[in-house]
Amino acid sequence: MTTHTTKMLILGSGPAGLSAAIYGARAGMAPIVVQGIQPGGQLTTTTDVENYPGFADVIQGPWLMEQMQAQAEHVGTRLMWDTIVEVDLTRRPFRLIGDGGDVYEGDVLVIATGAQAKWLGLDSEDLLKGKGVSACATCDGFFYRGKRVAVIGGGNTAVEEALYLTNHSPDVTLIHRRDSFRAEKILQDRLFAHKGIKVLWNKEVDGFVDGGGTAGLVGIDLRDTVTGEISRVDVEGGFVAIGHHPATELFRGHLALDSDGYIAVETGTTRTSVPGVFACGDVMDKVYRQAVTAAGTGCMAALDAERFLATAEFEVAEAAE
Ligand SMILES: Cc1cc2nc3c(=O)[nH]c(=O)nc-3n(C[C@H](O)[C@H](O)[C@H](O)COP(=O)(O)OP(=O)(O)OC[C@H]3O[C@@H](n4cnc5c(N)ncnc54)[C@H](O)[C@@H]3O)c2cc1C
């Protein structure tokens, strides 16, 4: 068992954690990043990324994250292969325990553990992820320009994704397993007023249909939740929009979370309910959920953390005098 100490401890190695590390290292805080089970974060699970600024040509998600890791290391970040299983935020330095028993101590803590999309859990969904099946219309909608697409879900996200997809597709189907939506009324009004969106009620996904070869998704088989009847909708894009799981279990009871389980931060900052603990990226953002916004709030967390430490150190020096 080893104890690793640093001024700035960062949990998570997606765009948020690595951006915090780049700014933190350049501010002299010699950060340690505990990478978790998904080094590089969610973008390592995708292929083409066309919306991260700075690249005129399409880049690959895993390549982008390798570049961010290398950049963080070049400026002085230490990356650790570990997953945190226990936290003590009652006093500074904050003390976190890795799953092999190593201890991590940080004068400030930046939480960037992300939020995973919920999936339906079907084999055919796994098979066709990235080949027609997606959980993010903002990320992937552009790839389905002029094609038929379907969204699965009935909450705000599903209705928003269906509306967003009409920017690209002339033929959007919204599939919902009940006979009414949970989405806000204003969103439903916009949805029902849109001629390009068709709603299929009382239908759940029985399977995603593989066209074989390089075709990818060609349709979705649906089961009627009332009659049990099976039907098929022909689409090239299927967007699963049934919610996200913020990775905050570890912090329940230690930090304020909002009603959906995301880390609550002071508006316009990355400050959490515990002074010296900051949160950035998808773990505190249920609205935008993009790599560039995660990187942006990662930068904010490092700047907030640096100011917090500088103020704390000044107060200690003042008291000593
Ligand atoms: C398939 C797919 C395609 C996407 N395409 C795009 C796109 O084209 N453009 C775009 O802008 N966005 C895209 N996104 C969204 C984007 O990936 C996320 O918004 C972004 O990765 C969020 O960054 P993050 O750093 O907040 O969290 P994440 O990238 O989710 O990273 C979370 C990190 O926390 C770590 N972690 C979790 N728990 C622990 C723990 N207990 N201890 C230590 N570490 C822990 C994980 O290992 C991981 O490294 C896509 C997402 C997916 C799933």
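Which residue stands opposite Leu11 in strand 2? The partner is Val34, and that small pairing is a handy place to start a walk through this model. Residues are numbered from 1 along each chain as its sequence is written. The model is predicted, with local features needing pLDDT of at least 70 and side-chain atom pairs counting only at pLDDT 80 or more, while totals for chains, interfaces and linings use all residues.

Let's begin with the overall layout. The protein is split into domain 1 (3-116 + 244-320) and domain 2 (119-240), with bounds that come from an automatic or database domain assignment. Taken over C-alpha atoms, the centres of domain 1 and domain 2 are 33 Å apart. The UniProt annotation "domain: FAD/NAD(P)-binding", from an unreviewed entry, covers residues 7-298; UniProt positions are given in the numbering used here, feature names are shortened, and annotations may be inferred rather than shown by experiment. That span is 22% helix and 28% strand, and its end C-alpha atoms lie 16 Å apart.

Now back to strand 1 (residues 3-11). Helices (H or I, at least four residues) and strands (E, at least two) are DSSP runs, numbered from the N terminus, and two strands pair if DSSP finds at least two bridges between them. Strand 1 runs parallel to strand 2 (residues 32-34), joined by three bridges. Strand 1 also pairs with strand 8 (residues 103-111), in the parallel sense and over eight bridges; here Met8 has Val108 as its bridge partner. Together with helix 1 (residues 15-26), strands 1 and 2 make a right-handed β-α-β unit. Right-handed means that, with the strands pointing away from the viewer, the path from the first strand over the helix to the second runs clockwise. Between helix 1 and strand 2 there is a loop that holds Ala30, whose phi is near 35 degrees, a positive value in a residue other than glycine.

A second backbone feature sits in the loop between strand 6 (84-88) and strand 7 (94-98), where you will find Pro93. A cis peptide bond joins Arg92 and Pro93, with omega about -5 degrees. For context, most residues other than glycine have a negative phi, and most peptide bonds are trans.

Next, look at the ligand. It is surrounded by 40 residues, and the closest are Gly14, Gly36, Gly41, Gly114 and Gly281; a residue counts as near if its C-beta atom, placed from the backbone, lies within 6 Å. Helix 1 and helix 7 (291-320) are the elements that give two or more residues to this shell. By class, the shell has 21 nonpolar, 17 polar and two charged residues, where Ala, Val, Leu, Ile, Met, Phe, Trp, Tyr, Cys and Pro count as nonpolar, Asp, Glu, Lys and Arg as charged, and the others, Gly among them, as polar. Domain 1 and domain 2 each supply at least three residues to the shell.

Finally, there are two open sheets to trace. One has five strands in the order 10-17-11-12-13, with parallel pairing. Its edge strands are strand 10 (133-134) and strand 13 (197-200), each pairing on one side only. Strand 10 meets strand 17 (residues 237-240) over two parallel bridges, and Val133 has Gly238 as its bridge partner in strand 17.

The other sheet has three strands, ordered 14-15-16 with antiparallel pairing. Strand 14 (203-210) and strand 16 (230-233) each have a single partner strand, so one side of each is left without a neighbour in the sheet. Strand 15 (residues 217-224) pairs with strand 16 over four bridges in the antiparallel sense, with Leu222 opposite Ser231. Strand 15 and strand 16 form a hairpin with five residues between them, and Gly228 in the turn has a positive phi of about 80 degrees.
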